[in-house]
Each structure stands twice: as structure tokens, then as C-alpha cells.
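The exchange below takes the terms used for a structure and asks what each one rests on.

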Amino acid sequence: MADVMTLSGIRKAYGGGRSPRVEVLHGIDLALAEGEFAALTGPSGSGKSTLLNIMGLLEAPTSGTLVIAGQSTAGSDDALRTALRSRYLGFIFQFHHLLAAFSALENVMMPVHAAHGRVTRADRQRALALLERVGLSAHAHKSPLQLSGGQQQRVAIVRALMARPRLVLADEPTGNLDTQSAQEAFALMREINASDGVTFLIVTHDPRLADTCDRQIRLVDGQLVASPDTGVNASPPA
Amino acid sequence: MPFEWTVALRLLREGRFQTLLILGGVTIGVAVVVYITALVNGLQANIIDKTLSTQAHVVLKPQEDENRRLVQAPGVVMAEVEKRTQRENTIDNWQSRMAAARAVPGVRSAAAMASGPGFAEKGGVRKSVALMGVELADYLKVVRLDDKLLSGRLRLPSGAVMVGSELARELGLSVGDRLRLVGATGRTESYLISAVLDFGLKDLNRRWVLLPLRSAQTLLGYQLDITEIYLQVNDLFQAERMAPLLAARTGLMADSWQVTNAQLVTALRSQSASTLMIKTFVSLAVALGIASVMVVSVVQKRREIGILRAMGTPARRILRIFLIQGGLVGLVGSVFGSALGSAIAILFTRLVLDDRGQPMFPISVTPALLATTSLLALLVGVLAALVPALNAARLDPVEAIRG
């Protein structure tokens, strides 16, 4: 199966100049295959967020290469990274980050609206279908503030799917939810992965949820370590 | 609706208090600009109107006589050229000159005037007056009299005169009375008063006597000549520019009202300049107000901007969102401001009255004024939003989401 994203030798350092230079990622090699459902785990401060930002094309690595859907991102400017994000990537944030000024439906349509400047009737129908799929049709025109935490996160999940991404990056998507809602959200992502073949990379602290993923990628001190259960695709500790 | 407009409107609606704050600022600014402009325009129009109500836009006069050098040889100067006492100089062949003046584009009407010094006599009392001989029909096309009529009728048949109110009071005259006029030639004739006028200035009311052109020519000894041609032009602000051409076409000297009233023109110009300054500073204050509120709003919306950027919104769209907000605030504020400014202007005309209970002068809030003010507000809004909008567009999405 083809890789959705390939990272090789990714390093990221902050500071330099007057402030001390701190390297957060020490050469990450990682490939995400089409249709994978992977968990990214690791203690806080291990560089998970930085790695996720780099994979989300929100930050550029200091060195190393990142290929997304066969396209290299080397030397890309902000406009190109924005275009690639909008074309291939979906985001789910920990605090769901729905925009309070817009209805649930408008939030779902936002990725398409933002990229194309306007929404078509087909876009609207797709957004409604997505909301229906997560049982929120009745809430389509409500403000996110009127929804429960679990409902909000479900809206955020289908928003990430709106622009038909190849890879969805989820940053602790259940971190802010009660156990029941967290399990439901996880199950929903799992189901979407199975039915639509969208690749997921989920950062999570919850080992039980991580265990339900096909693959666990573990990051410790800026390096990938072999997970006891899968052991694939991880570089040996330095 | 396009993405940028939707987001701009929603964010404005969401930031209720801030939006109201900037709208209030723009409204007050626009109201001040509208009110001041209307006031000053009205005031200036009124002053010009009052000044020109007894004056022609351009007055054509005979060339002044000058001494000429007797000998003009290299290195020899026989006489210094100096002004000499001007004898009463007249315009001959005036009908053709007046026709030439009328033919100049932009000239609306022309009237012949034969004026000179004289005395008004009644019951042994003599008053020095200015005799002004006119063809009334022509004269009325240059200078309005209907609004100056106190009593009698605007008629000047042979043997009739119209006098100012002060002269009438001093000599105890009223319409229908007889008055003796003495001209420079010493000739005396008796006239019937057909109207008493208020020229708006005490001195004019004391001195001006309007009489038929033929009578004045006889009294003053001009024969068929006149002393001035009065002209009315279509655009009174073009009078000064037209004067040289009129002089060239008629072979006479042309004085525009701007030259005759140089002090007034200077006063009006400095008034316009200070108005412009007030408007500039008000616009600046409004711009700073918009900018500062929007800088804060961009900071508050960092997270939202970050999410939009992460979801694939290009930076230029973020820029546009905030420029649209600035423009919208400017436009909507200018609608409220125009209404408020017009209301104050109308209130002013209702409250500030002259001794006759009439508004001192008309304040006119014209559509053109409102349109230019709105355009200005739009421009100020967009320009003021530029820096905050650039800040928003340059936000690093990672930091924006994290912060």
C-alpha cells in the first residue's frame, strides 16, 4: 500500500542566536501507509506536538524531508503549505476548536469554504450528510456553544473530513472528554477509517485507547522508540 | 456569501461591544465632518450671496489714463510716468462692447451702468449720493432687487427713482414723493420715488439712488456714454479666470468680484483651510480608533485565525477579512454619522435664528457631501485596518492555536 506521508531525518531545533539552541526532534524517520490507524504516544515534552505540527505542515523542520501524497515539501512557502494542508490534511484539536460565531453546519463546511472562498450546494449536502452520520442533523444550525463536549468533538471530527483529506491528524482528540464520550469519539474515527480508508494519526495519552489502534508510534525525548507490541517502523534509540 | 465576507460579518457580530465601540467612533467622526462641512458651506455660500447681492461678478470699466513719455530715446528719460487725476472716464460705443462681453462663453447677463456723484435735495436739505443710471430690466438680471424691496414697486419709468432706506429716512421720503437730484453738471431735475430699497448695508442705503439710464447720462453729462458694464457669469468662482478674456474682448478693464473683495476671498480661503484641517484630524482620530480596537480584536481572535489557517485558509483571505471589517465599519458608521450630522445641522438651523426669527443661513446637507464623506469613511476604515489585518495574516498558526 502506498504511503500517505513519509518523513526522513526530520530534525527540529528552536532558539539559536542569543538564546540557547534546543533540538526537540533528533532525526525522525516515519512512514504512514494509506488507511492506517495509528497512535502517537509519549510522555509530555517528548516532542509529540512539534512532530504533529511538522506533519501538519504548520511548521517547517530544521532539516530532513517530508513527502505528502508523493509531493515533496522541501522549500515550500506558506502559500504552498496552506494549499497542501487544505488538499490532503484534516485536523482535530484537543479542545475541538469550533468557531463559536458559526453554526455546527458552517463549522463543518469551513475547510471547503476557506479553501475555495465559497460553498456549493453539494458541499452543503455533504456537510449535512456528515452531521447525519454522527447523529447531529438536528443540531446542524445550533451554535457549538449549545452542544455538549462529546457533540462538539463529533462536529470537529466530521469537519476534519469535510475536504476529503488523505490524512487526519488528531491532537489528543479525547483529552477533554469523559470516558464515555472519549470512547464514542474514538469508535467514530475508527469507523470512518474502516469505511472511508482515511489514514489517522492520533496523539493520545490514554494507553487503553492507544492499544485499540493498529499501530503505536512512541516518541521519547525526540526520538521514535520501538513499541513493545508492534515494534515496526521505529528508529533505534541513539 | 464569499468566505471573507461571512467570516468578517460573523466576527464583527461576535465582538459586539468592540464593534459598537468602533461604530460609535466612526459615527461621531463622520457626524462632525458632515456638520462642519455643511455649516461652513452654508456660511460661505451665505456670505458670498450677501456680498454679491449688490455686486456684479465682473465689472468692466474704462482704461485708466496714463501720462506718456514725451521722448523715448536710448538713455534719455524726459518724464516719469505717474498717475494723473482721473477725470470722469466713460465708455463709448458701449452697445457693441456689451454685445462682445455677452458673447464670451460663461457670461449669463450684462447691464449698462452710468454712475457718478450727485446730490439729493428735499426741503432745502442736500445729501451727497451716488447716481446710478440703469436699464432696470438688464440690471435686475445682474443684481437681485426683489428681496430688497421695502415699499413701492420695482419700476423705473422715465422720471422715476428708487432710493435706499437711509436716504428716505434722512430726507423723510416715501413712495410717491418727489425728490430733486443734482448732477455733476449742475443740472437739477425732479423725480418721483417709485420704490424704497434695503441694500443690506447702511452706507449703500444712504447713498445709492437708482434712476433710468438716460436720466443719469443727462444729469452727469455723459451724453450717450456709460461708466461701467456689469456682468453676471454662470459659475461665480470662474469670474477671476474670465476677467482677462473679457478685458481683451471688450477693450476695457475687467475687475472680478474676487479682486474687488480680496479680503473676503482671503477670509473664505483661510476658513476653508481650517475646516480641511479639522476634517483631517477628525479622520486621523477615527482611523487611530479603528486601528487600536482592531489590533485588540486580532489579538483576541488569534485562536480562531490559527484554526482557520490550519484548516487551509490562505493568508491573503485572512488579510481580506480584516480589511473588509475596517471598510464595513467605516461605511456603516458613515450612514449613522451622516444621519447624526444632518440632524445636528437641521437642529442648528432651527435653534439659531436671526432677529426676524429666520434661520441665519441655510445649511445644506447635499447628497454629494454625504457620498464623499461615506467614501472617505470607507477609505479611512480600510487604511486603518491595514496594519491589524497584516498582523492577522502574518500570525503563525501554531502559536495562534497554542496561545
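Q: Which residue in β4(A) does L7(A) stand opposite?
A: In this predicted model, L7(A) stands opposite L66(A).

Q: What makes β1 and β4 of chain A paired strands?
A: Pairing needs at least two bridges between two strands. Strand β1 (residues 3–16) and strand β4 (residues 63–68) of chain A are joined by five bridges, so they count as paired. The two run antiparallel.

Q: Where do β1 and β4 sit in their sheet of chain A, and why are β2 and β5 called edge strands?
A: The sheet is open, has four strands in the order β2-β1-β4-β5 (chain A), and its pairing is antiparallel. β2 (19–33) and β5 (71–72) of chain A each have a single partner strand, so one side of each lacks a neighbour in the sheet.

Q: In what order do the six strands of the other open sheet of chain A come?
A: The order is β6-β7-β8-β3-β9-β10 (chain A), and the pairing is mixed. At the edges stand β6 (89–92) and β10 (223–225) of chain A; each has a single partner strand, so one side of each is left without a neighbour in the sheet. On average, neighbouring strands of this sheet are turned by 25° against each other, direction ignored.

Q: How do you know that β7 and β8 of chain A pair, and how do they run?
A: The cut-off is at least two bridges. Strand β7 (residues 167–171) and strand β8 (residues 199–203) of chain A share five bridges, so the pairing holds, and they run parallel. A170(A) stands opposite I202(A) in β8(A).

Q: Which strands of chain A does helix α5 touch, and what angle does its direction make with that of β6(A)?
A: Helix α5 (residues 149–161) of chain A packs on the sheet and touches β6 and β7 of chain A. Its direction makes about 170° with that of β6(A).

Q: Why is chain A called as compact as a globular protein of its length?
A: The radius of gyration of chain A is 18 Å, and the globule rule gives 18 Å for 238 residues; the two values are close, so the description applies. Along its principal axes the C-alpha trace of chain A spans about 55 × 40 × 40 Å. Buried residues make up 47% of the 238 residues in chain A. Of the contacts in chain A with a separation of 6 or more, 69% are between residues 24 or more positions apart.

Q: Why is V40(B) called partly exposed?
A: A residue is buried at 20 or more other C-beta atoms within 10 Å and exposed at 12 or fewer. V40(B) has 19, so it falls in between and is partly exposed.

Q: Where is V40(B), and which residues is it in contact with, leaving aside its neighbours within four places in sequence?
A: V40(B) lies in helix α2 (residues 16–52) of chain B. With those neighbours left aside, V40(B) is in contact with Q271(B) and T275(B). The C-alpha atoms of V40(B) and Y191(B) are separated by 44 Å.

Q: How many residues does each chain bring to the contact between chain A and chain B?
A: Chain A gives 24 residues and chain B gives 20 residues. On the side of chain A, α2 (78–88) and α3 (104–116) each supply at least two residues. That side has 13 nonpolar, seven polar and four charged residues.

Conventions:
Residues are numbered from 1 along each chain as its sequence is written. Chains are lettered from A and ligands numbered from 1 in the order in which they are written. This is a predicted model: local features need pLDDT of at least 70, side-chain atom pairs count only at pLDDT 80 or more; totals for chains, interfaces and linings use all residues. Two residues are in contact if their C-beta atoms, placed from the backbone, lie within 7 Å. Ala, Val, Leu, Ile, Met, Phe, Trp, Tyr, Cys and Pro count as nonpolar, Asp, Glu, Lys and Arg as charged, and the others, Gly among them, as polar. Axes are lines fitted to C-alpha atoms, for helices over the stretch in contact, and angles run from 0 to 180 degrees between N-to-C directions. The radius of gyration is taken over C-alpha atoms; the globule rule is 2.2 Å times the number of residues to the power 0.38.
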